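Me: I would like to go through the reasoning behind some of the labels given to this structure, one label at a time.

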Amino acid sequence: MSRRAGLLVTLLAMATGMSGAALASEREQYVQSVISLLRTHADTIRQLASQDFKYSRNLARHADALIHTFGLLGPMDWHAAEASFLHKKHGDSAHLQPADFDRLADQCQKSMRTLQTTSLQHVEHGGSAKPVLKALEDIQGKCTGCHDLLDGAAPDVWGKHGKK
């Protein structure tokens with residue numbers, strides 16, 4: 001959600017007297033909607049990687065869409081703030097250290113760039129789709145790995161081990 005839209009929702013909530021719980025509920029609904037889109041793109045990438053047909057360029061389009069959809073959840077600094085919030089909300093004493101988060105975030109971004117590159121190469125040159133599927137699994141593993149550090153406080157984006 002853009003900052004402008006977020007500000008608008010906040011202002012409307014304040015103007016109508018909406019409680020913080022209602023805002024959290026709308027926020028959670030938004031996150032779940034984005035997660036659903038991420039899963040759809042991932043499933044579609046798997047389907048397209050296993051086929052060779054006229055519209056195969058859509059493989060690269062869905063790879064780009066997955067990355068852009070991930071961006072709808074906010075930049076990595078938002079994820080870091082969210083991780084801190086989830087720890088406090090659940091009373092966790094252990095905190096995800098900033099250096100660990102930065103390392104995991106960098107690895108996730110690298111996996112996303114690899115997915116873009118390998119999907120485009122597959123579309124343009126054919127060959128095995130294994131590098132595309134590996135890049136997708138890497139992304140899912142990075143997300144799951146970071147969320148696992150939050151001891152169940154973060155949403156389960158891909159399922160415990162992702163879909164294979």
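Me: What makes His41 count as buried or exposed in this predicted model?

Reply: The relative accessible area of His41 is 14%, and since buried means under 20%, His41 is called buried. This residue is found in helix H2, residues 20-49, and, leaving aside residues up to four places away in sequence, His41 touches His62, Ala65, Leu66 and Thr69.

Me: Why is Cys108 not counted as bonded to Cys143?

Reply: A disulfide is a covalent bond between the sulfur atoms of two cysteines. The sulfur of Cys108 has its closest cysteine sulfur in Cys143, at 4.4 Å, whereas a disulfide needs the two sulfur atoms within 2.5 Å, so the pair is too far apart for a bond. Cys143 is accordingly in no disulfide, and the structure holds zero disulfides.

Me: How do you know whether Cys108 and Cys143 are buried or exposed?

Reply: With relative accessible areas of 4% for Cys108 and 11% for Cys143, set against the limit of under 20%, Cys108 is buried and Cys143 is buried as well.

Me: Why are H3 and H5 called roughly antiparallel?

Reply: Helix H3 (residues 58-71) and helix H5 (residues 98-125) pack at an angle of about 165 degrees, with their axes 8 Å apart; because angles over 145 degrees count as roughly antiparallel, that is the term for H3 and H5. Their crossing is left-handed, and the contact includes Leu59, Ala63 and Phe70 of H3 and Met112, Leu115 and Val123 of H5. By class, this contact has 10 nonpolar, four polar and one charged residues.

Key. Residues are numbered from 1 along each chain as its sequence is written. This is a predicted model: local features need pLDDT of at least 70, side-chain atom pairs count only at pLDDT 80 or more; totals for chains, interfaces and linings use all residues. Side-chain values use heavy atoms; hydrogens and water are left out. Helices (H or I, at least four residues) and strands (E, at least two) are DSSP runs, numbered from the N terminus. Buried means under 20% relative accessible area, exposed over 50%, partly exposed in between (1.4 Å probe, protein chains only). Contact means heavy atoms within 4.5 Å. Axes are lines fitted to C-alpha atoms, for helices over the stretch in contact, and angles run from 0 to 180 degrees between N-to-C directions. Angles under 35 degrees count as roughly parallel, over 145 as roughly antiparallel, 65 to 115 as roughly perpendicular and the rest as oblique. A crossing is left-handed if the near helix is turned anticlockwise from the far one by less than a right angle, and right-handed if clockwise. Ala, Val, Leu, Ile, Met, Phe, Trp, Tyr, Cys and Pro count as nonpolar, Asp, Glu, Lys and Arg as charged, and the others, Gly among them, as polar.
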